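Trainee: Could you walk me through this structure and show me how each label is earned? I would like to see the reasoning as well as the result.

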Amino acid sequence: MKKDLVLALLAITCFLVGCKTSYPVAQQTGKEDMAYLVFVGPRQTYGNGSKSVQVDVDGTKFDAKVVKPKTANRKGTQYGVATGNRHITVTFEGKTIYSKQLFLSSQETKVINLP
């Protein structure tokens, strides 16, 4: 009788330990609090991504590739920026071609059409 009770408890313990190990180790949490920018412009002006524009987002500067409008959704390079009100200035060959105050929400992809 004692042997059966010990074996039953051992079996239950092994069963519960086996169930515990089947849980996923890392669980996915929410998405990052970021917004994304894609720069779109005519191929005649910006080439096939060979020429880049200089972008200034609230004092943070970086170079960005410009894609043609047809491939913006599939092949456009997205640049992550912080959410909220942002002043975005785009210059190309020393000239300011885009300057605007935008509100960017979380996980939003803003397509900026350049002349």
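Mentor: Gladly! Let's begin with accessible area, which comes from the Shrake-Rupley method with a 1.4 Å probe. By that method the chain exposes about 8,400 Å², and carbon and sulfur atoms supply 56% of it. Keep in mind that this is a predicted model.

Trainee: What is the pattern of helices and strands along the sequence?

Mentor: The chain has 3 helices and 7 strands. Their order is α-β-α-β-β-α-β-β-β-β.

Trainee: Why is F39 called buried?

Mentor: Buried means under 20% relative accessible area. F39 has 0% relative accessibility, so F39 counts as buried. Across the 115 residues of the chain, 26% earn that label.

Trainee: Why does Y79 count as buried?

Mentor: Here the value is 15%. The cut-off is under 20%, so Y79 is buried.

Trainee: What makes F39 and Y79 an aromatic pair, and why is the pair called tilted?

Mentor: Two numbers decide. A pair of aromatic rings is described by the distance of the centres and the angle of the planes. For F39 and Y79 the centres are 6.1 Å apart, and the limit is 6.5 Å, so the rings pair. The planes make an angle of 50°, which is neither under 30 degrees nor over 60, so the pair is tilted. F39 sits in strand β1 and Y79 in strand β4, 40 residues apart, so the pair links distant parts of the chain. The structure holds 2 aromatic pairs, and F39, F62 and Y79 form one aromatic cluster.

Trainee: Which residues have the most contacts inside the largest nonpolar core?

Mentor: They are F39, V53, I88 and L114, in a core of 19 residues. Among the elements giving two or more residues to this core are β1 (34-40), β2 (52-57) and β5 (84-92). Take V53: leaving out residues up to four places away in sequence, V53 touches Y46, F62, V90 and L114, among others.

Trainee: How do you know that β5 and β6 pair?

Mentor: Pairing needs at least two bridges, and β5 and β6 have 9, so they pair, in the antiparallel sense. Within this arrangement T91 stands opposite T96 in β6. The hairpin of β5 and β6 has 2 residues between the strands, and E93 takes a positive phi near 55° there.

Trainee: Why is T89 called buried, and what makes its link to H87 a polar contact?

Mentor: T89 lies in strand β5. Its relative accessibility is 17%, which is under 20%, so T89 counts as buried. The side chains of T89 and H87 are joined at 3.3 Å; the limit for a polar contact is 3.5 Å, so this distance fits.

Trainee: Where does the side chain of R86 reach?

Mentor: R86 is also placed in strand β5, and its side chain reaches the backbone oxygen of T83 at 2.7 Å. Leaving aside neighbours within four places in sequence, the contacts of R86 include V57, D58 and K100.

Trainee: Why is V38 buried or exposed?

Mentor: V38, found in strand β1, has 2% relative accessibility, so V38 counts as buried. The C-alpha atoms of V38 and T109 are separated by 7.1 Å, although the two residues are 71 apart along the chain.

Trainee: What share of the contacts joins residues at least 24 apart?

Mentor: Among contacts between residues at least 6 apart in sequence, the share is 62%.

Definitions and conventions
Residues numbered from 1 in each chain as written. Predicted model: local features only at pLDDT ≥ 70, side-chain atom pairs only at ≥ 80, totals over all residues. Heavy atoms only, no water. Helix = DSSP H or I, 4+ residues; strand = E, 2+ residues; numbered from the N terminus. Buried < 20%, exposed > 50% of the residue type's maximum accessible area, 1.4 Å probe, protein only. Contact = heavy atoms within 4.5 Å. Core = buried A, V, L, I, M, F, W, Y, C linked by side-chain atoms within 4.5 Å. Phe/Tyr/Trp six-rings, centres within 6.5 Å; stacked < 30°, edge-to-face > 60°. Polar contact = N/O pair within 3.5 Å; in protein donor to acceptor, adjacent residues only side chain to side chain.
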